[in-house]
Amino acid sequence: MKFSNHITHPYRKHIPFLFLGALIIRVYFGRYNIIIEGDSVSYLSSAKDFVNFHFMGNQPYFCLYSIVIGLGNIAVHDFEKAGQFTSIAASSLTIVPLYFLSYRIFNASIAVLACILFIFEPTLIDCATKIGTESLYHLFVVTAFTTLIYGMQSTKARYLFFAGLFSGCAYATRTEGLLYGISIIFLAITIILLKENPQYSLSFNSINRIFYIACGFITIALAFQTVYFFYTGELSILRKSSLAFQMANHINTHRLIRYFENAFYLFTRQIPVVLPYPIMIIAGIGLFRKVWDKKDFIKYTYTFAAIFTPLLTLPLVLSVTRHITVILPFFLILVSVGIIEISEWLVSSINKLQYIRRIIVITGITVLLLIIMSIMKMDVWVGMIKDDETEFKIAGQFIKNHTTWQKPKVFGNGIVSYYAEAENVDIPFKILLSDGRTQTGYSTKEILNYIKEKDTDYLIISERCLFLEQFRYLVTSTIFPDNFNLVFAKNDYPSIRVFKLDSSLHSE
């Protein structure tokens, strides 16, 4: 069946309602998330440099997401709103390729279920309400796999060009997208060998299909690398990836041992956070309730490739939990299969359920799963609703309003620097711990010398900041080092203080 026929399929009526549901949920929770956090500062700074034609800005966080924010700012005249709207829109739009992917691999019931689970999944909602690359990355990866399956099942190989194109967009959004570009090509080869060439030989037509995928990927990847080179003067996209490798070496220089240590931590600590055990169990029931035939094996190959591409490569570096969220849309497809299998078993096994409509059983199981998932991810809901970083914005605005010179230098917190419209003095990381936390690894004297060398104007001390343990006492102490003048300490925000550093500190 052609892709155009699926667009006009009677089930198309589901998609607008599913999209609208995802959009409403994400907009609702997005209104609570009014303070930027983490890497958001870097993406917004890159977006500002982009629209101001500040090339050679040496921005490791410059990516397709930053470009979209910059373009969005032209319409809304607010970089933060443009960044959050991009995440919300991208997450909501992911419903469309997810539906068609699920429908093409399985059926309409599983497609609807997967989309409903996607709409209410707490981690995905959390990603959508924040300024970060995750939601846009999810959209491109899911779309790449959707166009791949339609291209593989179509007589027109040019559809596969779009699979490469969208995987290239994923690469331009996050460095890990390169893995999906490679994975999609190998997946295409695997499917061709399984379906068309049992003698394990590739025909000219098969090679032509792979060529289309590669061309699509290279088109975007090369274009973005060109822009990145003119922007930073380097060929390396998102240099933070190479930094992750370097920092990982501080923990264990033996690569094989480090890989297995990180893999153990990933599968035992991080994945259960993203995929609670009840979800895994239901997905497992859907996978193994019946014996697979060749068609089943091919169907599940798509989802397995999407899920295990990051899981098998992330242990090479020290990942954080949000790096795993890309597998959620695909895993929800397997969960939907599990829900259908359980409902079929209940209806056929329990006599009393023979007279109950199948859809009621499916709805009940789905609602129960959503409740369990929400309870197990209660901290995610609380994090979305509780705006607990207002202190950073208040402190930044204080510095902005009490600074007479144009661009002060702030050390200790990039979010404060952003709201102060100040130059952020980066913390010199030395060690990356196995659980993803970072510490400077420097002594108090070394930090003070570093502050002097950078001609820092303000020092931010916050209980939330784990980087400056040696200065934690300054949050509550009444005795401060010489040349440290306390200028911001409010009862409403007891966990943060701002110190102005005397000019004499720099001349010592």
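User: What percentage of the 508 residues in the protein is buried?
Analyst: This is a predicted model, and the protein in it has 508 residues. A residue is buried when its relative accessible area is under 20%. The buried share of the protein is 51%.

User: How many helices and how many strands does the secondary structure comprise?
Analyst: The secondary structure of the protein contains both kinds of element. The totals are 23 helices and seven strands.

User: Which helix gives the largest share of the largest nonpolar core?
Analyst: The largest nonpolar core has 122 residues, and Tyr 99, Phe 145 and Ile 339 are among those with the most contacts inside it. The largest share of this core amounts to 13 residues. They come from residues 328-349, that is, helix 17.

User: How many residues does the second, separate core have?
Analyst: Apart from the largest nonpolar core, there is a second, separate core. Its members include Ile 427, Ile 447, Tyr 450 and Phe 499. The size of this second core is 14 residues.

User: Is Val 367 buried or partly exposed?
Analyst: Val 367 is found in helix 18 and belongs to a nonpolar surface patch with Ile 371, Ile 375 and Met 378. Buried residues have under 20% relative accessible area and exposed ones over 50%. Because the value for Val 367 is 41%, this residue counts as partly exposed.

User: How many residues apart are Arg 174 and Glu 134, which form a salt bridge?
Analyst: Side chains of opposite charge can pair when their charged atoms come close. In the salt bridge between Arg 174 and Glu 134, the closest N and O atoms are 3.2 Å apart. Arg 174 lies in the loop between helix 10 and helix 11, whereas Glu 134 lies in helix 9. The pair links distant parts of the chain, at a separation of 40 residues.

User: Is Arg 174 buried or exposed?
Analyst: Arg 174 is linked with Glu 134, Glu 176 and Arg 322 in a network of salt bridges. The cut-off for a buried residue is under 20% relative accessible area. Arg 174 has a relative accessible area of 4%, and therefore it is buried.

User: What is the N to O distance in the salt bridge of Glu 421 and Lys 400?
Analyst: Glu 421 lies in the loop between helix 21 and strand 2, and Lys 400 lies in helix 20. Glu 421 is partly exposed at 45% relative accessibility, and Lys 400 is partly exposed at 41%. Their side chains meet with an N to O distance of 3.0 Å.

Definitions and conventions
Residues are numbered from 1 along each chain as its sequence is written. This is a predicted model: local features need pLDDT of at least 70, side-chain atom pairs count only at pLDDT 80 or more; totals for chains, interfaces and linings use all residues. Side-chain values use heavy atoms; hydrogens and water are left out. Helices (H or I, at least four residues) and strands (E, at least two) are DSSP runs, numbered from the N terminus. Buried means under 20% relative accessible area, exposed over 50%, partly exposed in between (1.4 Å probe, protein chains only). A nonpolar core is a set of buried Ala, Val, Leu, Ile, Met, Phe, Trp, Tyr and Cys residues joined through side-chain atoms within 4.5 Å. Patches are made of residues with over 30% relative accessible area and no salt bridge: like charges are joined within 9 Å, nonpolar side chains (Val, Leu, Ile, Met, Phe, Trp, Tyr) within 5 Å. Accessible areas come from the Shrake-Rupley method with a 1.4 Å probe; for residues, only the protein chains shown count as cover. A salt bridge is a side-chain nitrogen of Lys or Arg within 4 Å of a carboxyl oxygen of Asp or Glu.
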